[in-house]
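I opened a notebook page for this structure. The entries below follow the order in which I looked things up.

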Amino acid sequence: VNNTKSQLAFSVVPSKSCLVYTMSDIDDINSFVSTFDLSSPKGKLKPIADQPGGQDIEGLAVHPSNSDLLFGVAGDKADVGGQKLPGYFYLINRKAGEVVVAGPTGFDLIMTLAVNPVDKTLWGWGKQTLKPDSRWNGLIIIDQETHQATPIKQFDYHKYDMAGLTWSKD
């Protein structure tokens, strides 16, 4: 990647596909997953399939051991059986676009996800927002089987509102 003040350029081997997954958060309840192939000179964003909408997906990560799945987490308006509930965990089929509600995380809002490339743990930025007397904001680890989040490091609720998280390999 060559990044200057006036230009951003990517170099990708043209014979290999290089998919980037994106999540468009249109409004409070309509999130859509798309792909962009960096190896295609005329590549465009393409939805992974017809998606039902109604989800409030805020974070997205590639599943570390199942190449067919993405992880998704909801903000405070996950559509669960017609109810708007906070902080739910989704499994998303990368090819078919099927979005499955896997369960609550125990947090009111999760903004972003990242898989640690070394130990494959799933991290996020979680918030407790619905009870003003017990607000919490910070790093969490999410169990990939139970989808329950464990608080790891709290940050000042009023100063920090993270929207992205990533890991380096070192």
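**Notebook: contacts, rings and a pocket**

I began with contacts along the chain: of those with a separation of 6 or more, 38% are between residues 24 or more positions apart. I note here that the model is predicted.

Next I looked up the secondary structure. The chain has 15 strands and 0 helices. I also checked burial, and found that 35% of the 170 residues are buried.

**Aromatic pairs**

How many aromatic pairs does a search of the whole structure find? I got 5. I took F71 and F89 to start with. Their ring centres are 5.4 Å apart and the planes stand at 50°, so I entered the pair as tilted; a pair counts as edge-to-face over 60 degrees and as stacked under 30. I then placed the two residues: F71 is in strand β7 (residues 69-74) and F89 is in strand β10 (residues 88-93), so this pair ties together parts that are 18 residues apart in sequence.

Are F71 and F89 buried or exposed? F71 has 1% relative accessibility and counts as buried. F89 is buried too, at a relative accessible area of 0%.

I went on to W123 and W167. Their ring centres lie 5.2 Å apart with the planes at 65°, so I wrote this pair down as edge-to-face. W123 belongs to strand β13 (residues 122-128), while W167 lies in the segment after β15 (149-154), so the pair ties together parts that are 44 residues apart in sequence. On accessibility, I have W123 as buried at 14% and W167 as partly exposed at 34%. The cut-off I used for buried is under 20%.

I also found a cluster, in which ring pairs link W125, F155 and Y160. F155 has a charge to note as well: the charged end of K153 sits over its ring, 5.6 Å from the centre.

**The largest pocket**

I looked up the largest pocket last, and its volume is about 230 Å³. Which of its 13 lining residues are the closest to its centre? I listed A114, V115, P117, T166 and W167. W167 thus comes up again, having been entered above as the partner of W123 in an edge-to-face pair.

For the strands, I noted that β6 (57-62) and β12 (109-115) each supply at least two residues of the lining. I then sorted the lining of the largest pocket by residue type, which gave 10 nonpolar, 2 polar and 1 charged.

Technical notes
Residues are numbered from 1 along each chain as its sequence is written. This is a predicted model: local features need pLDDT of at least 70, side-chain atom pairs count only at pLDDT 80 or more; totals for chains, interfaces and linings use all residues. Side-chain values use heavy atoms; hydrogens and water are left out. Rings of Phe, Tyr and Trp (its six-membered ring) pair if their centres lie within 6.5 Å; planes under 30 degrees apart count as stacked, over 60 as edge-to-face and the rest as tilted. Helices (H or I, at least four residues) and strands (E, at least two) are DSSP runs, numbered from the N terminus. Buried means under 20% relative accessible area, exposed over 50%, partly exposed in between (1.4 Å probe, protein chains only). A charge sits over a ring if NZ of Lys or CZ of Arg is within 6 Å of the ring centre and within 35 degrees of the ring normal. On a 1 Å grid over the protein atoms alone, a cavity is a set of points where a 1.4 Å probe fits but cannot get out, and a pocket is an open set with protein on both sides within 12 Å along at least five of seven lines; lining residues have an atom within 4 Å of a point. Grid points are joined across faces, edges and corners, and a volume is the space filled by probe spheres set on the points. Ala, Val, Leu, Ile, Met, Phe, Trp, Tyr, Cys and Pro count as nonpolar, Asp, Glu, Lys and Arg as charged, and the others, Gly among them, as polar. Contact means heavy atoms within 4.5 Å.
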